[in-house]
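Got your viewer open? Load the model and follow along, one selection at a time.

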Amino acid sequence: MKYAYYPGCSLDATGIEYDIANKLVARTLGIELVEIPDWNCCGATSAHTTNHLLALALPARNLAIAEAHGFEQVAVPCAACFARCKKTAAAVQASPDLQVQISEVIGMTYAAKSEILSYLDVIGKKTGLDHIKKHVVQPLTGLKIAAYYGCLLVRPVDITQSDDPENPMVMDRLLQVIGAEPIAWDYKTECCGASQVVPVPQLGKKLIHDILKNAASYGADAIATACPLCMLNLDMRQKQINAMFGTQFHIPVFHFTELMALSFGYSAQDFGLAKHFESAESLLERMIGGKGA
Amino acid sequence: MRRIGVFICHCGSNIAATVDCAKVAEAARGFPGVVYSADYKYMCSEPGQEFIKAAIAQEDLNAIVVASCTPRMHELTFRKTLANGGLNPYLFEMANLREQCSWVHTDKEKATVKAIDLVKMAAAKANKNEELTSSTMPVHKKALVIGAGIAGMQAALDIADAGHQVVLVEREPTIGGKMPMLDKTFPTMDCSACISTPKMVEVAQHPNIELLAYAEVTEVKGFIGSFTVQIRQKAKYVDHDKCTGCGLCETKCPSKVPNEYDLGLGQRACIYKPFAQAVPNKPVIDPLHCRKLVDNKCGLCAKVCPTGAVNYQDAERLFTDTFGAIVMATGYDLYPWEEIYGEYGYGRFPDVITGLQFERMVNASGPTGGKLKRPSDGQEPKSVVFIKCVGSREPAKAKGYCSRACCMYTAKHAHQVLDKIPDAAVYVFYMDVRAAGKAYDEFYEATLKDGAVYLRGRVSKIYQEGSKLIVKGEDSLLGRPVQVTADLVVLATAMIPSQGSRELAQTVGFLPDLDGWYQEAHPKLRPVETPTAGVFLAGACQGPKDIPDTVAQAGAAAAKVCGLLSKSQLETNPMTARSNPAICSGCGLCVAVCPYKAIQLISLADRDRYGKRINRTVADVNHGLCQGCGACTVTCRSGAIDLQGFKNNQILEEVDALWR
Ligand SMILES: Cc1cc2nc3c(=O)[nH]c(=O)nc-3n(C[C@H](O)[C@H](O)[C@H](O)COP(=O)(O)OP(=O)(O)OC[C@H]3O[C@@H](n4cnc5c(N)ncnc54)[C@H](O)[C@@H]3O)c2cc1C
């Protein structure tokens, strides 16, 4: 399978280890990821809070380049980029006038013909669980994991085409295939606060705290994410949360592809596990005899 | 040649304000065949009708056009006027100047021109109308009632009290439907069982009612006055003639399964009565779980039965009978919320229950003996959250309609919690409070005074934290998110048509509405009849409703049935389809479009053009079933089918008149 790959800004910076793990997993599974040449920022929150047309034009340019290179499918690992791309495609598909306008703005034809998939859907829906299972050499047996989806991968459902916006299962099924034990918990799709933690920390941190608390209450050993910003909030801010709420959270948080890479036999040195804030070392020690670390 | 009289009605100012009636009457005098015309304030009034009768005599009229309101309103009235005036009633034609003209236009000049056209068309048709005569058919003086909830029981009792025979078919092992499951009924808070179980007994003992419980209707043939119906009674494995209902078998049966009657909150044996006051008050064996029937082990019930009533070899029974009328009373089910409400946990949390489960729980004869207990740990809940409109008024997810009884029963439940647990906190999430009914709003107000906290907004999520349920929602009056910690959550789930009701409608021969509720013939004027003659509606099968409305409707349906059964013969509607076998090719298109299953293909002995004997297939219309809708006539390629009173040439005459 061949996909145009849109890493987005985060995967070049705060979420660099996500990018590494994604590529390892793709290599093992025989998925070809071709980075969209000369891609630009999707505009994220900043664009759509300033100018509607800008918010559509930025992702449209990337998608138009992918189309020009003949790609029928675009893989987007970041949940925010995914949401922006999907919204753009839907808006353009719904309005021929907009299609003309956008194409004019970006100086390229954008037909909105290609299928846009989150990287989670590429692996979890398009690749085939049986195929993945064949590559598992180091099953993550006994790892009680909370699959966390956040909001942008699932809502609004008519745009995201999530399997179930209230209780999505794509990641859970993937984690099960690699031997882990996904738990049924209640905060799968609650918002992590995204960038709100910066301007309104009381609110943002409460949201993060509630997610960690719910995962912990169900005995999760770790949390798996499919978004670099969710990852950052849940991983980096545990210290701040503990300080604010007097809690003692130390829950390792992983990108779902990191856990897959581990199960495929890669070691932590092969990807960016050392870049995590909450150490996973003792957990991995317990789980797979430290082979990962 | 026809001598047509045209009568233009003012309908007070309804028509006259927008249409110049005198001018229309004057114009009518120039139409072919019209020899007399007049306008009058109220044509349907007694003087109006007398006026027509006098004109028939004086002007020697032999066809009449009245231009007034819709035929649905007064066609029958004027047909009778003709009959009284000595004319065949089908020589009458109606032009609708109200719904189709004055009510929908404002420009008087243009409306008058249109009115003249409408009358011109009606007069043209009157020229072609033919005398039609009804024939008669016999009425079997026996009614079938399907479903024995409060609706079916009430209808059966009313018909039986009027002296007619009734067969009452119920598919569960007991009659009663939902009403005896309830604890108390709003707004009077009288005990539901105390008013419903005596009715059940009355039904069982009524000399004119034959009760067939644990049975279903499998086939219906025929038409009004004479429906031939097949009923299949499931194997009970207990001979109810021998059984005394002592209950020993139930106490000895070693296999226990969740009791459907308690909606899974309690257990029952595999030889069981659904509840203590069940009617018939004798058990049946559950063939899916009984060890003897499944594995050929056990057999304890047969051993302990003092009268030898248990019969493991029992088989289902088929009955066939003929009825003059059928009453549908199949009630409702509740929306399977577990399938779509992921935000409420898809049924994962044991302490999230439905209103009907709550009824079983507060019911003194229910699984907890009337004590409010959390299903998870049996603790008394101190904080209870009610959520209304779960599946109702939710077009994006489930049903768009309002389920009507939930606002009131939720107020009742809130009141009951506060009554039983005075220090409890009760929250009700609502969209609106719809308490239209006698003493209903007062009841809701009293619940507020009791201390129930009403929060206007939807609940977005429920999840478990330790032994508590966290309920997150919105208070849309304050514009703020709210979070409530609850011990028990009760969902007011939408009413939906009972399982299998769509298939049953098909068997009986009519179509439900888009949501699956049984469609009445007219929403205002014929609320308890279906479009299929002789089939009537009672209770929640027609749409969500509470007990007072259900009982009122059941009485109305019974009155209609009694009216029908009081006749020994029925006049048939002569405006039915006729097929001309000479030009029918037997293609069967009409059979497929007929909503009343009134057309059959039959074999006709004929000769081909060489004189050889052949058998041809042709369409044959059953005039008892045909309702004269005309669907067949427009599908017929060769024009072999024609509708009496709406013949193709009559309609084309109208069209021609418009352009003449
Ligand atoms: C939680 C709750 C609380 C309520 N509280 C109140 C209250 O306090 N006051 C009030 O006025 N109303 C109340 N209601 C409404 C009340 O339940 C209904 O108005 C009433 O039960 C309707 O009666 P019914 O006979 O039309 O339907 P049902 O009670 O549903 O009876 C239908 C019967 O038909 C049978 N049946 C179905 N299909 C077939 C078939 N194919 N063949 C043979 N038999 C069939 C069923 O088994 C059943 O016995 C409440 C409803 C709920 C859900």
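The tour goes from the domains of chain B to the ligand and its contacts.

Before you click: this is a predicted model, where local features need pLDDT of at least 70 and side-chain atom pairs count only at pLDDT 80 or more, while totals for chains, interfaces and linings use all residues. Residues are numbered from 1 along each chain as its sequence is written, chains are lettered from A and ligands numbered from 1 in the order in which they are written, and side-chain values use heavy atoms, leaving out hydrogens and water.

**Colour chain B by domain.** Use domain 1 (4–128), domain 2 (142–234 + 316–331 + 498–565), domain 3 (248–304), domain 4 (333–496) and domain 5 (577–644); these bounds come from an automatic or database domain assignment. The centres of domains 4 and 5 of chain B, taken over C-alpha atoms, are 57 Å apart.

**Now zoom to the ligand.** Which domains flank it? Domain 2 and domain 4 of chain B both give residues to the shell around the ligand, so it lies between them.

**Select the shell.** You should get 34 residues around the ligand, each with a heavy atom within 4 Å of it. The closest are B:Glu170, B:Tyr332, B:Lys412, B:Lys545 and B:Ile547.

**Show polar contacts** (pairs of N or O atoms within 3.5 Å). A polar side-chain atom of B:Tyr332 sits 2.7 Å from a ligand oxygen. Polar backbone atoms also face ligand oxygens: one of B:Ala540 at 2.8 Å, and one of B:Ala329 at 3.5 Å.

**Finish with the surface.** Alone, the ligand exposes 1,000 Å², and the protein buries 97% of that (Shrake-Rupley method, 1.4 Å probe).

Terms used
A polar contact is a pair of N or O atoms within 3.5 Å; within protein, one must be able to donate a hydrogen and the other to accept it, and residues adjacent in sequence count only if both atoms are side-chain atoms.
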